[in-house]
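Colleague: Could you walk me through this model and explain the words you use for it? I'd like to see each label set against its cut-off.

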Amino acid sequence: SILHKKITQLAAIDELTGILNRRFGLRRLKEEFSRSARHGLPISTVMIDIDHFKKFNDTFGHDAGDAVLKMVADKLSDTLRAEDMVCRYGGDEFVISLSGAGMNDSAIFTERIRRTIETNYVNWGEQQLSVTISCGIATYPVIRSSVCEELITAADKALYLSKEFGRNQVAINDGMKILRFSEMKSKNK
């Protein structure tokens, strides 16, 4: 029925950001991962975290934080292709699934997203508030994972190192080590 479909749709959407919530995002990621593995196609998972978000909330308040979360979600959604997926993974964490995108393409795409977030802002009273994001990428089959959770874990490791490297950057897990986006560009020349 139409009502059942509407209720299911509402259950899948994060109320604040208007994108998929964690539960439904992970379900979709599992489906995309299975399809990629079956057809031997690459798939990249990107973990995104807003830098110093707790401090941002403490400084400007939760309403400003909510406005920034919404801006980030909107920018992520606007940048994605139809076959891609974004979900709110946790408080200020997002996961993107890039179907058919290899390691280089996903790194270039994610760097573009990082710059987009960095150069956008939220009008908040008299102020223009902006944030930066740290990103971690893992790509199947570069990461030899048998389940999508392993890909998420590999992307999360890259995200962690992106923060260790100083935040506001993209880090890529190539299965052996974590590369900064800038290192990856020089490696491919």
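Modeller: Sure, let's start with two helices: the axes of α3 (residues 53–60) and α4 (residues 62–79) come within 7 Å and cross at roughly 130 degrees. This is a predicted model, so local features need pLDDT of at least 70 and side-chain atom pairs count only at pLDDT 80 or more, while totals for chains, interfaces and linings use all residues. Residues are numbered from 1 along each chain as its sequence is written, and side-chain values use heavy atoms, without hydrogens and water.

Colleague: What makes something a helix here, and what is its axis?

Modeller: Helices (H or I, at least four residues) and strands (E, at least two) are DSSP runs, numbered from the N terminus. An axis is a line fitted to C-alpha atoms, for helices over the stretch in contact, and angles run from 0 to 180 degrees between N-to-C directions.

Colleague: So why is α3 called oblique to α4?

Modeller: Under 35 degrees would be roughly parallel, over 145 roughly antiparallel, and 65 to 115 roughly perpendicular, with the rest oblique. Roughly 130 degrees falls into the rest, so α3 is oblique to α4.

Colleague: Which residues make that contact, and how do they divide by class?

Modeller: Contact means heavy atoms within 4.5 Å. From α3 you get Phe 53, Phe 56, Asn 57 and Phe 60, and from α4 His 62, Ala 64, Gly 65, Val 68 and Leu 69. By class that is 6 nonpolar, 3 polar and no charged residues, where Ala, Val, Leu, Ile, Met, Phe, Trp, Tyr, Cys and Pro count as nonpolar, Asp, Glu, Lys and Arg as charged, and the others, Gly among them, as polar.

Colleague: Now α2 and α6: what makes that pair perpendicular?

Modeller: Helix α2 (residues 22–39) and α6 pack at about 110 degrees, with axes 9 Å apart. That angle sits in the perpendicular range, so the two are roughly perpendicular to each other. Leu 26, Leu 29, Lys 30 and Phe 33 of α2 meet Cys 148, Glu 149, Leu 151 and Ile 152 of α6, a set with 6 nonpolar, no polar and 2 charged residues.

Colleague: How many aromatic pairs are there, and why is the one of Phe 53 and Phe 56 called stacked?

Modeller: The whole structure has 3 aromatic pairs. Rings of Phe, Tyr and Trp (its six-membered ring) pair if their centres lie within 6.5 Å, and planes under 30 degrees apart count as stacked, over 60 as edge-to-face and the rest as tilted. Phe 53 and Phe 56 are 6.2 Å centre to centre with 5 degrees between the planes, so they pair and count as stacked. Both lie in α3, 3 residues apart, about one turn of the helix.

Colleague: And what kind of pair do Phe 56 and Phe 60 form?

Modeller: A tilted one, at 4.9 Å centre to centre and 45 degrees between the planes. They too lie in α3, 4 residues apart, about one turn. Phe 53, Phe 56 and Phe 60 make one aromatic cluster.

Colleague: How do you know whether Phe 56 and Phe 60 are buried or exposed?

Modeller: Buried means under 20% relative accessible area, exposed over 50%, partly exposed in between (1.4 Å probe, protein chains only). Phe 56 has 8%, so it is buried, while Phe 60 has 31% and is therefore partly exposed.

Colleague: And what about Ala 158 and His 52?

Modeller: Ala 158, in α6 (residues 148–164), is at 0%, so it counts as buried. Cys 135, Ala 171 and Asn 173 are among the residues it touches. His 52 has 48% and is partly exposed; it lies in the loop between β1 (43–50) and α3, with a positive phi of about 50 degrees although it is not a glycine.

Colleague: What makes you say that a charge sits over a ring?

Modeller: The NZ of Lys or CZ of Arg must be within 6 Å of the ring centre and within 35 degrees of the ring normal. Arg 22 lies over the face of Tyr 89 at 3.9 Å from the ring centre, and the charged end of Arg 180 sits over the ring of Phe 165, 4.1 Å from its centre.

Methods. Lists of a residue's contacts leave out its neighbours within four places in sequence.
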